[in-house]
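Good morning, colleagues. Please look at the model as it comes up, and I shall take you through one strand, one interface and one pair of domains.

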Amino acid sequence: MNFKFRGKRISGMAVVLPERELSFLEEMKNFNFPEARSLKLKEVMGYNKRRVVEPGCCVSDLAVHGLQQLFDRGLLKKEEIDAILLVTQTADHFMPSTSSLIQGRLGLKQDMLCLDLNLACAGFVIGLMQAFMLLEQESVKKVVLINGDVLSRKASPKDRNIYPLIGDAVSITVVERDASNATIHANLHMDGTRAETLIIPAGGMRMPSTPETAKLEDVGDNNLLAKDHVFMDGSAVFNFVQTEVPPMIESLLATAGTTVEHIDYFLCHQPNRFMLQKLADKMKIPYEKMPNNVVENYGNTGSATIPMVIALNFQERVQREKMRVCMAGFGGGLAWASMLMELGAMDFNTTIEYKQKS
Amino acid sequence: MNKQEFYQRLAEILDTEEVKPEDTLKQLDGWDSLAVLSVLALADSKYGASIKADEIRAVVTAADLANLVESKKK
Amino acid sequence: MKCVFKNKKISAVISVVPKEELRFDDEYPNYKLTEDKARRFKKMMSLDRHRIAPPEVCSSDLCQYGVEQLLAEGTIKKEEIGALLFISQTPDYFIPPTSNVLHGKLGLGLDVQCFDINQGCAGFPLGLMQAFMLLDLLPAGQKILLLNGDTCSKQLSNCNRISYPLAGDAGSVAIVERCAEENPIYMDVKHDGSRHTALMVPAGAYRMPSSPETMKLREKEEGVVQSLEHIHMDGPAVFNFTMSDIPAQIEDVLKFSGNTWESIQHYLLHQPNPFILKQMTEKMKLPPEKLPSNVVSIYGNCSSVSIPLNIALNCGDILLKESRRVLLSGFGTGLTWISMVMDLGPLQVCKIVDYQAAAK
């Protein structure tokens with residue numbers, strides 16, 4: 001499905017990082033895996049260090065801290081926020097919605113929209129589309145899109161497919177109308193027949209959590225997971241990315257009447273170093289055009305990886321100049337989405353550290 | 001506000017013969033969260049009084065309750 | 001947040017309820033209620049019966065059945081579906097989103113977007129808002145399936161004498177599409193997260209993960225048994241919310257839409273319980289016939305499906321033939337309150353059906 005948007009821009013962005021940093025070299029001692037093989041995995045996947053939250057820390061904590069910092073620094077005004085879109089798969093509660101909690105904790109106005117969307121790694125691009133849609137309403141002038149997860153809390157320490165990979169973070173993206181009226185192209189696909197590629201089997205209504213669902217089971221290859229843990233079918237994800245993402249981006253570029261050469265950067269979701277390199281190879285995109293350094297610094301931060309790519313690689317530049325970018329998010333759902341837009345010059349792009357109060 | 005009438009209405013809510021001003025509400029048989037709801041409704045519809053959740057939780061006797069409703073009465 | 005939508009309509013609504021009807025008169029011994037107290041409670045809340053889903057049936061199953069009925073009856077064709085919205089606070093999983101699971105089970109195309117939105121009793125008007133906005137992005141002829149569903153009974157103890165008798169499980173499917181007529185729709189959305197403790201589930205998600213401790217049942221007051229994984233309600237806070245914020249919003253939306261109290265033919269509100277609805281009706285000085293309050297007595301409080309049930313139960317026959325000016329208002333957890341005015345009908349389908357589990 002193709003979409004066109006006009007007259008919208010990202011006016012500012014922030015990423016909020018939990019303080020606690022874990023190192024793969026330390027953690028690999030926990031795996032039932034020979035050290036040489038772990039080191040090889042590190043090299044291939046880009047495992048190095050990642051940020052995780054402390055126990056009990058939630059998405060709303062990171063989001064509230066980040067937004068409060070922006071208010072304090074005069075980068076954002078409370079009363080101007082007309083909508084909060086929270087894209088997360090790790091909500092604080094089943095009831096109420098986490099965006100309502102954020103609104104309440106920050107004392108934002110009642111006359112606004114608070115919306116929680118459950119989306120995985122395609123969630124930044126889809127979240128932007130949602131923000132653009134909302135801005136068509138006359139009463140909506142400024143939308144705050146928050147992407148974030150604390151998924152490390154559901155990763156089994158005995159699962160070397162996922163545990164060393166997951167990073168926690170929240171991104172805040174301010175979206176507004178733009179006088180320039182430049183066209184933004186986007187596309188989106190979903191395939192629910194492969195929904196179980198990324199799943200937490202227990203905890204919802206289909207299989208409530210019990211002492212049984214907390215028990216570790218061998219899911220093959222010496223990885224131990226409970227039904228309460230997040231499970232990812234690594235090879236299914238790899239095949240999916242290699243098969244679906246290149247045609248999606250090609251189709252987007254064709255619809256927009258442009259080519260790889262005319263795009264400054266490809267800002268893709270960062271699943272792991274290997275997958276992204278293979279993707280660049282397949283699409284014949286030079287590595288310099290497709291930054292691939294989020295996982296080795298912060299881990300795979302779900303739908304917040306695209307904001308992380310921007311903060312890590314273009315933080316100064318994006319506040320000074322325009323860049324023609326193609327963003328692509330893909331993963332759980334399965335869902336895959338891409339967007340072509342001019343990014344910058346932003347009013348702000350900042351990195352905020354979150355220190356959990358005891 | 002006619003307090004006698006109020007105590008009579010309160011007795012109806014609690015499904016009891018009579019409520020005296022000095023009665024401790026928590027000790028009355030019918031005083032539960034449904035009775036609280038009925039009292040809030042009574043205060044609002046018959047006395048134009050809007051009572052907050054923490055205010056009703058703070059009352060001890062029937063007289064306290066009558067005084068609270070009276071203080072909020074429009 | 002005020003919104004206006006044009007050239008959009010609801011063309012069909014189907015509600016799906018669990019087949020078995022449970023009667024208060026049979027259940028009250030579970031609640032440690034004396035016959036006398038039970039009689040008083042039954043009278044106060046006009047209790048009679050409700051529908052509770054069996055443990056293995058989720059709200060997505062109820063919604064899926066509704067979609068399958070609409071497809072089977074030819075009310076909608078698969079290729080017409082542009083998006084599927086699932087509004088719930090009782091999803092199948094944390095991950096993946098339930099709308100994606102349904103996408104797979106229903107065999108929908110790769111171009112069909114899916115959204116899971118976390119919302120409770122305000123979820124029908126919120127879902128409509130999302131559907132109306134999305135329609136402007138979709139090609140002509142594409143329609144949206146708005147699914148609302150909750151199984152709140154799974155978030156309550158069946159010994160909770162205050163909440164369980166009022167609980168109801170249900171799912172609904174509304175078809176939302178473009179229309180040639182302008183048909184303006186006016187909506188106001190409000191939130192107040194500072195009062196979120198009025199209606200919440202403390203444990204089970206990430207703030208307080210599930211554990212043997214959170215599953216322990218505690219007696220809040222006599223006969224009110226709950227764990228931290230159950231719905232906690234602050235009765236007085238909810239009462240004050242319904243009596244002041246909702247009438248104020250309704251009055252505001254009437255003005256915003258250029259209507260008067262009299263020009264609305266039906267006030268179709270979320271149905272928390274008949275007692276509160278009667279209070280609200282009196283407060284707004286409305287004739288009771290205009291503001292139905294009978295859904296809970298038959299189906300229980302079905303969260304965001306209350307409004308679709310209300311529509312079918314009280315206006316179903318009329319709306320199959322004609323258009324009526326209605327005010328819809330959903331309010332609850334968040335706290336969230338959303339009211340809207342629109343001309344509703346004529347509808348192709350407007351009914352309530354019993355859920356039939358698929359043969360294995």
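The bridge partner of A:I84 in β7(A) is A:V144. The two strands involved are β5 (residues 83-87) of chain A and β7(A), which pair in the parallel sense over 5 bridges; strands are taken to pair if DSSP finds at least two bridges between them. Strands themselves are DSSP runs of E of at least two residues, helices are runs of H or I of at least four, and both are numbered from the N terminus.

I should say at once that this is a predicted model, in which local features need pLDDT of at least 70, side-chain atom pairs count only at pLDDT 80 or more, and totals for chains, interfaces and linings use all residues. Residues are numbered from 1 along each chain as its sequence is written, while chains are lettered from A and ligands numbered from 1 in the order in which they are written.

β7(A) also pairs with strand β8 (residues 169-177) of chain A, in the antiparallel sense and over 8 bridges. There, A:I146 has A:I172 of β8(A) as its bridge partner.

Is β7(A) buried or exposed? Of the 8 residues in this strand, residues 142-149, 8 are buried, that is, each has 20 or more other C-beta atoms, placed from the backbone, within 10 Å of its own. A:K142, A:V144, A:I146 and A:G148 point one way, and A:V143, A:L145, A:N147 and A:D149 point the other way.

Next, the interface. The contact between chains A and C takes 57 residues from chain A and 55 residues from chain C, where contact requires C-beta atoms, placed from the backbone, to lie within 7 Å. On the chain A side, the elements giving two or more residues are α4 (98-106), β6 (113-117), β9 (183-190) and β10 (198-199). The largest share, 6 residues, comes from α4(A).

Finally, chain C. Its domain assignment gives domain 1 (2-178) and domain 2 (185-345); such bounds come from an automatic or database domain assignment. The C-alpha centres of these two domains of chain C lie 14 Å apart. In chain C, 51 residues of domain 1 are in contact with 46 residues of domain 2. Which element gives the most to the side of domain 1 of chain C that touches domain 2 of chain C? That element is α5(C), with 6 residues.

Note on methods:
Two residues are in contact if their C-beta atoms, placed from the backbone, lie within 7 Å. A residue is buried if 20 or more other C-beta atoms lie within 10 Å of its own, exposed if 12 or fewer, and partly exposed in between; C-beta atoms are placed from the backbone.
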